[in-house]
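Dear colleague,

I am handing over the structure we spoke about, and you will find the sequence and the coordinates just below. My notes on what was found follow after that, and I would be glad if you read them with the structure open.

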Amino acid sequence: MNLLITGANGQLGKDCRTVFGGAHTLTCVDIEELDITRADDVSAFVRNIKPGVIINCAAYTQVDRCETEQEPARAVNVTGAENLAEGAADCGALMVHISTDYVFDGQKDYPETYTETDATAPQSVYGLTKLEGEQAVIRCTDNHLILRTAWLYGFHGHNFIKAILKKALADPETPFKVVNDQFGTPTWSMALARQIAELIDPPARGLYHASAEGACTWYAFARYFLEKLQVPHRMVTCTTEEYPTPAKRPHCAILENRRLAAEGRNRMAHWQSALDEYINQYGPALLDECRPSN
């Protein structure tokens with residue numbers, strides 16, 4: 001099968017290239033090769049390669065910057081998604097689109113979860129643009145697969161646990177704060193790529209939640225990671241109020257993979273098991289990357 005992967009140089013895009021590379025013909029693009037915000041360019045590109053599946057890993061994910069950079073965020077997260085979905089409709093491709101837990105208000109009480117049928121109510125520009133992107137895909141083509149995920153991390157690119165590791169390695173004696181009153185589902189990008197593979201053959205359609213099983217706080221996530229790597233640290237807990245950010249974060253936005261489970265297609269492991277595999281595979285390389293240079 002011929003697959004088009006956009007955002008192919010990001011952490012999810014690179015893991016999708018790994019997962020799909022052996023069994024499919026891949027066309028992998030990032031902004032240098034294809035600006036998905038330009039409708040005419042997308043239309044011509046898709047018509048030329050005629051993919052059977054488009055996997056859109058491109059997104060404007062700088063949550064806080066979205067609050068002040070609303071136009072670029074909307075261009076990528078909404079217009080870009082719409083352009084790709086229109087291209088998919090024109091050539092009969094399955095449109096795979098990645099969305100987020102930020103489409104919810106995040107005000108449930110732990111351990112309550114959000115399912116695919118819960119009402120959306122984004123509390124940030126990022127969440128709003130991702131919801132509008134979902135709606136654009138649905139409007140453009142019935143042949144779509146939308147996967148909401150959360151707290152994504154991987155080996156490639158920047159993410160929360162790499163930032164935590166850099167802090168701990170740079171100065172193990174100085175305390176630093178991590179929020180301990182926000183709950184979510186840390187999800188390894190490789191696990192999500194494998195889940196996408198499960199759902200495109202045979203093709204699933206519609207909206208699914210696809211995040212790791214279980215839930216934790218940012219502090220618990222970071223502590224488990226550092227202790228597994230045996231990295232000394234003086235991390236301490238703090239509240240959301242003590243660590244203000246421009247964009248409002250969900251208090252509790254635990255995604256439940258209800259549709260995946262009901263259809264017997266859930267490949268997502270518990271977050272601790274997935275993180276263990278991630279550390280086993282990349283631990284030494286992560287330490288090398290994040291250790292301060294002399």
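**Thr174 and its surroundings**

Thr174 is partly exposed, since its relative accessible area is 40%, and it sits in the loop between α6 and β7. Please keep in mind throughout that this is a predicted model. From Thr174 to Gln62 the C-alpha to C-alpha distance is 27 Å, the two residues being 112 apart in sequence.

**The chain as a whole**

The protein chain has ten helices and twelve strands. Its radius of gyration is 19 Å, which agrees with the value near 19 Å that a compact globule of 294 residues would have. Taken along the principal axes, the C-alpha atoms fill a box of roughly 55 × 40 × 40 Å.

Of the 294 residues, 50% count as buried, and the chain exposes about 12900 Å², of which carbon and sulfur atoms supply 47%. If one takes the contacts between residues at least 6 apart in sequence, 81% of them join residues that are at least 24 apart. As for charge, there are 27 positive and 38 negative charges, and their mean positions lie 3 Å apart.

**The nonpolar cores**

Which residues touch the most other members of the largest nonpolar core? In this core of 41 residues they are Leu165, Phe221, Phe225, Leu226, Leu275 and Tyr278. The elements that contribute two or more residues to this core are α6 (160-170), β7 (176-179), α7 (189-200), α8 (218-228) and α10 (271-290), and the largest share, nine residues, comes from α10. Apart from this core lies another one, of 23 residues, which includes Ile5, Cys16, Ala210 and Leu260.

To look at one member of the largest core in more detail, you could select Leu226, which, with neighbours within four places in sequence left aside, is in contact with Ile164, Leu165, Ala168, Phe176, Val231, His233 and Met235.

**Two buried strand residues**

His97 belongs to strand β4 (residues 94-100) and, at 1% relative accessibility, counts as buried, because the cut-off for that word is under 20%. When residues up to four places away in sequence are not counted, His97 touches Asn56, Ala81, Lys130, Gly133, Glu134, Val137, Leu145, Ile146 and Leu147. His97 and Ala59 are 38 residues apart in sequence, while their C-alpha atoms are 9.9 Å apart in space.

Thr149, placed in strand β5, is likewise buried, with a relative accessible area of 5%. Leaving aside neighbours within four places in sequence, its contacts are Ile98, Ser99, Thr100, Asp101, Thr187, Leu192, Ala210, Ser211 and Leu255. Ala210, in this list of contacts, is also among the residues named above for the core of 23 residues. Between Thr149 and Pro122, which are 27 residues apart in sequence, the C-alpha to C-alpha distance is 15 Å.

**Backbone details in the loops**

Where are the cis peptide bonds that I would ask you to inspect? One joins Tyr110 and Pro111, with omega at about 10 degrees, and Pro111 lies in the loop between β4 and α5 (125-140). Another runs from Asp201 to Pro202, with omega near -5 degrees, and Pro202 has its place in the loop between α7 and β10 (206-209).

Two residues other than glycine have a positive phi and are worth listing together. Trp151, with phi near 45 degrees, is in the loop between β5 (144-149) and β6 (152-153), and Gln230, with phi near 60 degrees, is in the loop between α8 and β12 (235-238). Are these two residues buried or exposed? Trp151 is buried, with a relative accessible area of 10%, whereas Gln230 is exposed, with a relative accessible area of 70%.

With best regards

Key:
Residues numbered from 1 in each chain as written. Predicted model: local features only at pLDDT ≥ 70, side-chain atom pairs only at ≥ 80, totals over all residues. Heavy atoms only, no water. Helix = DSSP H or I, 4+ residues; strand = E, 2+ residues; numbered from the N terminus. Rg over C-alpha atoms; globule rule 2.2 N^0.38 Å. Buried < 20%, exposed > 50% of the residue type's maximum accessible area, 1.4 Å probe, protein only. Contact = heavy atoms within 4.5 Å. Areas by Shrake-Rupley, 256 points an atom, 1.4 Å probe, with all protein chains shown as cover. Lys, Arg positive; Asp, Glu negative; His and termini not counted. Charge placed at Lys NZ, Arg CZ, Asp CG, Glu CD. Core = buried A, V, L, I, M, F, W, Y, C linked by side-chain atoms within 4.5 Å.
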